[in-house]
Amino acid sequence: MTNTNLQEQKDLLVVRNLKKYFPVRSGLLQRTSAWVQAVDNVSFTVKRGETLGMVGESGCGKTTIGRTVLRLVEPTSGEVSFEGRDIIKMGQRDLKPLRRDMQIIFQDPYASLNPRMPIGESVMEGLHIHNIGQPKERWEVAIKMLKKVGLEEYHARRYPHEFSGGQRQRIGIARALALNPKFIVCDEPVSALDVSIQSQVLNILKDLQDEFGLTFLFIAHNLSVVEHISDRVAVMYLGKMVELADRDALYREPLHPYTQALLSAIPIPHPNIKRERTILKGDVPSPLNPPKGCRFHTRCPIAIDQCSQVEPEFREARPGHWVACWKVE
């Protein structure tokens, strides 16, 4: 077996040159006048059984990537391969069976649950759509999944408004697990929760990953949360991936100045120790008209003339450590 085939078996998800532009329409005829470059030429892989964390400021394209790799949003161009199959070229008939293996946990658990449907029915809805099992068997699966996330059988007959935010997020996790998927996009699953509830949900995710052999794409703002749960971390800025590395390497020695600025904002849990902050000046440019060259150069403290003229290549600066920066040797 060749090295290429071995790597394909190791990588569950392969994304190549992914682009997603959203049209901006104006005028009486609603013609396209501009494009929002939400995701622009992003490539990465997710290995079987690992958690790839994805961080960056709001509007950098993290959620768009998560939804595009699941075909919830159609890409403008690029390739998304899941277990060696290009899902971008698939029709809806071929894609439907694959959706059992690819699920998502939404950021807002209340908005993603039907307020008129008991949560037991919400959890087993995917089983009904894919025609898996009989009604009694589906109900048993729903109860089993609810118990996996710390809820009880009597909760299955209650409605979403009767639960707290942390409980609703657990319901979202149970619903994603009901189809026994291989890959789950976690779209900021703990950002709206209290810190104590965040730790509970994160521990549930890690336990379930170990039990079921799950693979996660974990999207978040909180860098401490990402450090806790991720194996590798990707850093996004204005639709571009600027750094990708193993968690320990990235947190120990970040190479890109944007990553360095993000990590400098993490507080140290000691009253007498303060971290030296890197304060970024200016605002994030508009994705309607991103800067030429490196998109970070307008706020970068170490930018040179080349940064404003030529876009840096996303390259492997060290083994397993990828970065897009002209200043990194």
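Biologist: Over which residues does pLDDT stay under 50?
Modeller: This is a predicted model, where local features need pLDDT of at least 70, side-chain atom pairs count only at pLDDT 80 or more, and totals for chains, interfaces and linings use all residues. Residues are numbered from 1 along each chain as its sequence is written, and side-chain values use heavy atoms, leaving out hydrogens and water. Where pLDDT (the predictor's confidence in each residue, from 0 to 100) is low, the coordinates should not be read in detail. The stretch you want, with 2 contacts (heavy atoms within 4.5 Å) beyond four places in sequence, is residues 1-6.

Biologist: And what is the mean pLDDT of the protein chain?
Modeller: In the chain, 97% of residues reach 70 or more. The mean comes to 90.

Biologist: How many bridges join β1 to β2?
Modeller: These are strands (E, DSSP runs of at least two residues, numbered from the N terminus), β1 at residues 11-26 and β2 at residues 31-47. They form a hairpin with 4 residues between them, and G27 in the turn has a positive phi of about 85°. D11 has K47 as its bridge partner in β2. The two strands run antiparallel, and the bridges joining them number 13.

Biologist: Is K144 buried or exposed?
Modeller: K144 sits in α6, a helix (H or I, at least four residues) covering residues 135-148. Buried means under 20% relative accessible area and exposed over 50%, with partly exposed in between (1.4 Å probe, protein chains only). Because its relative accessibility is 47%, K144 counts as partly exposed.

Note on methods
Pairing = 2+ DSSP bridges.
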